[in-house]
Amino acid sequence: QKIHATWNIKRFFKDATPKMTDTNSYVLNHSMIRVKDPKESMKFYGDLLGMSLINRLDFEEAKFSLYFMAYATPESQGKDWTEREGNLELTHNYGTESDAEFKGYSNGNSEPNRGFGHVCISVDNIQAVCDKLEKAGVKFQKKLADGRQKDIAFALDPDGYWVELISQKIRFPEGSLKEGETDSKNYRFNHTMIRVKDPEHSLKFYQEVLGMSLLRTSKHEGAKFTLYFLGYLHGKPAPKDDGSVNPVSDREGILELTHNWGTESDPEFKGYHNGNSEPKGFGHICVAVDDLDAACKRLEEKGVKWQKKLTDGRMKTVAFVLDPDNYWVEIIKKGAPAK
């Protein structure tokens with residue numbers, strides 16, 4: 001009598017099924033800035049602007065700590081910090097807070113080191129928020145009443161970084177709140193702004209390589225600059241912009257690209273400062289992905305330039321790619337220890 005046995009030969013071999021990655025699942029997780037004194041920075045972003053500390057990572061050997069600040073939004077409930085959008089990473093290198101010779105960080109808005117521009121908080125009642133900050137002694141780069149644009153303000157954080165304040169008119173139309181009424185539960189870390197030399201190259205990178213969508217464009221003929229707002233739609237339709245109110249002011253996880261006309265064809269333009277060489281300041285933006293190995297393989301196939309590949313150095317759970325202006329874009333995995 002013959003005995004017939006069924007063998008599953010696949011169990012003797014490593015699964016050769018190609019790993020896949022879906023850019024629709026990506027999130028613009030955080031933006032990183034270096035800070036002199038984390039206590040002062042957390043007072044500003046926490047006590048005054050209503051953010052909460054959602055994660056802290058200490059690297060005693062390397063002598064630095066990372067503080068992740070964010071708003072508790074309905075969209076973030078129940079999610080790991082790596083799965084969220086709208087996180088602000090404050091990087092503190094030990095000793096800067098007490099070093100009398102430390103000259104501070106560059107905010108990215110003065111020549112010859114312009115590059116990073118600002119982070120932006122969208123609020124319910126911009127006048128009430130500005131009044132609160134001014135009463136607390138916060139300095140302003142631009143108050144509401146300054147200049148031609150009366151609907152935005154720029155506050156200065158403890159390190160001199162610009163923090164733009166805009167209204168969420170799409171949620172809180174004029175007259176919907178009482179004078180002086182504001183609640184930080186309504187605030188959102190809306191976007192991070194960086195300046196770019198050539199929008200054609202930058203848009204191609206962020207859309208075709210990183211899978212973002214163009215959410216909004218704002219052209220300013222008189223001042224000769226254009227703003228491009230990008231983010232991940234996660235399968236949802238793009239917001240309609242009828243020009244009346246900012247249709248994405250209530251969102252988080254947006255990247256603003258600022259193009260000053262002419263830089264793309266100016267042979268004397270030397271490019272923007274990415275914040276990671278002296279004078280340092282802004283560090284990077286971060287995209288969290290579904291499958292880190294597959295995402296990095298896809299990026300390699302797209303021909304990206306690397307600042308750090310997964311296999312480089314001791315940290316095998318993060319990678320950094322360079323965008324067309326050499327800004328660093330960190331790549332991490334959602335739902336896993338990232339650093």
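Phe205 and Tyr206 are both buried in this predicted model. Their rings make an aromatic pair of the edge-to-face kind, with 4.9 Å between the centres and 90 degrees between the planes. Tyr206 turns up again in the largest nonpolar core, where it is listed with Tyr45, Ile121 and Val287 as the residues touching the most other members. That core takes in 63 residues.

The Phe205–Tyr206 pair is one piece of a bigger aromatic picture, as 13 aromatic pairs come up when the whole structure is searched. Tyr71 and Tyr187 supply another edge-to-face example, this time at 6.2 Å centre to centre with the planes 80 degrees apart. Here the two partners come from distant parts of the chain, 116 residues apart. Tyr71 sits in the loop between S3 and strand S4 (87–93), while Tyr187 belongs to the loop between strand S8 (162–167) and strand S9 (188–195). Both ends of the pair fall below the 20% limit for burial: Tyr71 has a relative accessible area of 3% and so counts as buried, and Tyr187, at 2%, is buried too. Elsewhere, ring pairs tie Phe116, Tyr161, Phe282 and Tyr327 together into a cluster.

Back in the core, Ile121 is worth a look for its list of neighbours. With residues up to four places away in sequence set aside, its contacts include both tyrosines of the loop-to-loop pair, Tyr71 and Tyr187. Ile121 also touches Leu49 and Met51, a run from Val163 through Glu164 and Leu165 to Ile166, and Arg188, Phe189 and Asn190. A separate core of seven residues lies apart from the largest one, and Leu227, Phe229, Val248 and Ile254 are among its members.

As for the secondary structure, the chain contains 16 strands and four helices. Its radius of gyration is 22 Å, close to the 20 Å expected from the globule rule for 339 residues, so the chain is as compact as a globular protein of that length. Along the principal axes, the C-alpha atoms occupy a box of roughly 95 × 50 × 45 Å. Half the chain, or 50% of the 339 residues, is buried. The accessible surface adds up to about 18000 Å², with carbon and sulfur atoms contributing 49% of that. Long-range contacts also feature: among contacts with a separation of 6 or more, 68% are between residues 24 or more positions apart.

One hairpin can be followed strand by strand. Strand S2 (residues 52–59) runs antiparallel to strand S3 (residues 64–70), and seven bridges hold the two together. Asn55 has Phe68 in S3 as its bridge partner. Four residues separate the strands of this hairpin, and Lys63 adopts a positive phi near 65 degrees there.

Lys219 gives a view of the outside. This lysine is part of strand S10 (residues 213–220), and its relative accessibility of 55% makes it exposed. Exposed or not, Lys219 still has partners beyond its sequence neighbours, touching Phe225, Thr226 and Trp261. His259 lies 40 residues away from Lys219 in sequence, with 9.7 Å between the two C-alpha atoms.

Conventions: Residues numbered from 1 in each chain as written. Predicted model: local features only at pLDDT ≥ 70, side-chain atom pairs only at ≥ 80, totals over all residues. Heavy atoms only, no water. Core = buried A, V, L, I, M, F, W, Y, C linked by side-chain atoms within 4.5 Å. Buried < 20%, exposed > 50% of the residue type's maximum accessible area, 1.4 Å probe, protein only. Contact = heavy atoms within 4.5 Å. Pairing = 2+ DSSP bridges. Rg over C-alpha atoms; globule rule 2.2 N^0.38 Å. Areas by Shrake-Rupley, 256 points an atom, 1.4 Å probe, with all protein chains shown as cover. Phe/Tyr/Trp six-rings, centres within 6.5 Å; stacked < 30°, edge-to-face > 60°.
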